[in-house]
Amino acid sequence: MKRLLLTLLCAVALFGQESVSRVVQLKNIHADSVSAVLHVLSANKVHWKGDANIRVIALNGPPELVEAIEAAIKKLDVPAPAAKNIELTFHMLLASPQGESPATAPELAGVAQQLRNVFGLKSVRVLETAVLRGRESNGGLTTGIMASPGKVDAPATYLLGYDRAYVSTSEKGAKVQIDKLRFNARLPWAIGSGSGVQFSESSINTDIDIREGQKVVVGKSGIDNASQSIFLVVTAKVVD
């Protein structure tokens with residue numbers, strides 16, 4: 001390594017006598033990641049050469065320019081921001097224009113009232129709540145069993161997943177972007193007098209942006225001829 005550093009310094013020292021030579025050690029980034037910046041800042045007055053293997057950049061040129069470029073490199077040579085963890089809470093609601101609603105959890109009371117007002121629904125009940133926690137820029141997937149929407153002795157199953165989730169911040173707070181969110185449910189129904197069971201599929205697929213702490217109704221899927229529907233409600237939280 002010492003021989004390589006001496007070679008770099010000797011090489012750049014040949015570019016001129018009215019100059020200084022300096023080697024900048026990189027800690028967090030590779031030399032090739034700042035090559036475009038060095039090309040602009042050098043203005044053809046500072047000669048530089050980087051080595052990606054040992055993470056160094058050798059500079060040679062006018063003292064004031066070399067110092068300015070070294071300061072710029074150090075500003076860029078910082079650790080990458082740690083990926084945030086995202087916690088997504090999914091509420092699977094069954095809604096119908098007939099019947100009475102059971103008691104609704106306080107955190108979902110506003111959503112239930114919104115469904116009644118917008119869609120003219122009377123009965124809104126929670127089939128299942130699922131929590132999925134993952135790292136920013138990654139995807140997530142979970143499966144489970146939820147309450148059956150019909151009066152049948154067979155489980156209903158669901159799959160929840162997404163391809164990517166990203167976090168952005170502004171003066172209004174954090175916002176989570178979820179790419180290719182998908183919800184699939186397999187629902188049992190009684191056949192005829194109830195002696196048999198058949199299954200139907202219900203799904204929601206979408207991309208969404210959701211502010212942290214906000215409850216968003218992201219989709220509706222009809223499930224039978226009685227105008228019953230499943231609604232998927234999502235809440236996002238950014239956690240350490």
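Buried, in these legends, means under 20% relative accessible area, exposed means over 50%, and anything in between is partly exposed. All of the views come from a predicted model.

**View 1. S96 and its reach to Q98.** Is S96 buried or exposed? With a relative accessibility of 9%, it falls under the 20% cut-off, so S96 counts as buried. The residue belongs to strand β4, which covers residues 85–96. From there, the S96 side chain reaches the backbone nitrogen of Q98, at 3.2 Å.

**View 2. S21 meets N60.** Here we're looking at strand β1 (residues 20–25), where S21 is found. Which side chain does S21 touch in a polar contact of 2.7 Å? The partner is the side chain of N60. S21 is partly exposed because its relative accessibility is 33%, which sits between the 20% and 50% limits. To get a feel for distances in this model, take S21 and L127: they are 106 residues apart in sequence, and their C-alpha atoms are 70 Å apart in space.

**View 3. A salt-bridge network with R22, E70 and K74.** Side chains of opposite charge can pair when their charged atoms come close. In this view, R22, E70 and K74 are linked in a network of salt bridges. Let's start with R22 and E70, whose closest N and O atoms are 2.8 Å apart. That pair links distant parts of the chain, with R22 in strand β1, E70 in helix α3 (residues 63–76), and the two positions 48 residues apart. E70 also forms a salt bridge with K74, and for that pair the closest N and O atoms are 3.4 Å apart. This time both partners lie in helix α3, 4 residues apart, or about one turn of the helix. How exposed is each member? E70 counts as buried because its relative accessible area is 13%. R22 is partly exposed at 27%, while K74, at 52%, counts as exposed. For context, the whole model has 4 salt bridges by the rule used here.

**View 4. R182 and D163 pair up.** The side chains of R182 and D163 meet in a salt bridge, 3.0 Å from N to O. R182 lies in strand β9, and D163 is in the loop between β7 (156–162) and β8 (164–170), so this pair ties together parts that are 19 residues apart in sequence. R182 is partly exposed, with 26% relative accessibility. D163 is partly exposed too, at 28%.

**View 5. An aromatic pair, F119 and F231.** A pair of aromatic rings is described by the distance of the centres and the angle of the planes. How many aromatic pairs turn up in a search of the whole structure? The count is 1. That pair is F119 with F231, and it is tilted, with 5.2 Å centre to centre and 55° between the planes. It links distant parts of the chain: F119 sits in helix α4 (residues 109–119) and F231 in strand β12 (residues 229–239), 112 residues apart. F231 is buried because its relative accessible area is just 1%, whereas F119, at 41%, counts as partly exposed.

**View 6. R186 over the ring of F199.** What sits over the F199 ring? It's the charged end of R186, placed 3.8 Å from the ring centre.

**View 7. Two positive phi angles, at N44 and K180.** Most residues other than glycine have a negative phi, and most peptide bonds are trans. N44 isn't a glycine, yet its phi is positive, at about 60°. You'll find N44 in the loop between α2 and β2 (47–51), and its 71% relative accessibility means that it counts as exposed. K180 has a positive phi of about 55°, and it isn't a glycine either. K180 lies in strand β9, residues 173–191, and it is exposed because its relative accessible area is 53%.

**View 8. A nonpolar patch on the surface.** Which residues make up this patch? They are V37, L41 and L76, and together they have about 210 Å² of accessible area. V37 is found in helix α2, which covers residues 35–42. Its relative accessibility of 34% is why V37 counts as partly exposed.

Notes:
Residues are numbered from 1 along each chain as its sequence is written. This is a predicted model: local features need pLDDT of at least 70, side-chain atom pairs count only at pLDDT 80 or more; totals for chains, interfaces and linings use all residues. Side-chain values use heavy atoms; hydrogens and water are left out. Buried means under 20% relative accessible area, exposed over 50%, partly exposed in between (1.4 Å probe, protein chains only). A polar contact is a pair of N or O atoms within 3.5 Å; within protein, one must be able to donate a hydrogen and the other to accept it, and residues adjacent in sequence count only if both atoms are side-chain atoms. Patches are made of residues with over 30% relative accessible area and no salt bridge: like charges are joined within 9 Å, nonpolar side chains (Val, Leu, Ile, Met, Phe, Trp, Tyr) within 5 Å. Accessible areas come from the Shrake-Rupley method with a 1.4 Å probe; for residues, only the protein chains shown count as cover. Rings of Phe, Tyr and Trp (its six-membered ring) pair if their centres lie within 6.5 Å; planes under 30 degrees apart count as stacked, over 60 as edge-to-face and the rest as tilted. A charge sits over a ring if NZ of Lys or CZ of Arg is within 6 Å of the ring centre and within 35 degrees of the ring normal.
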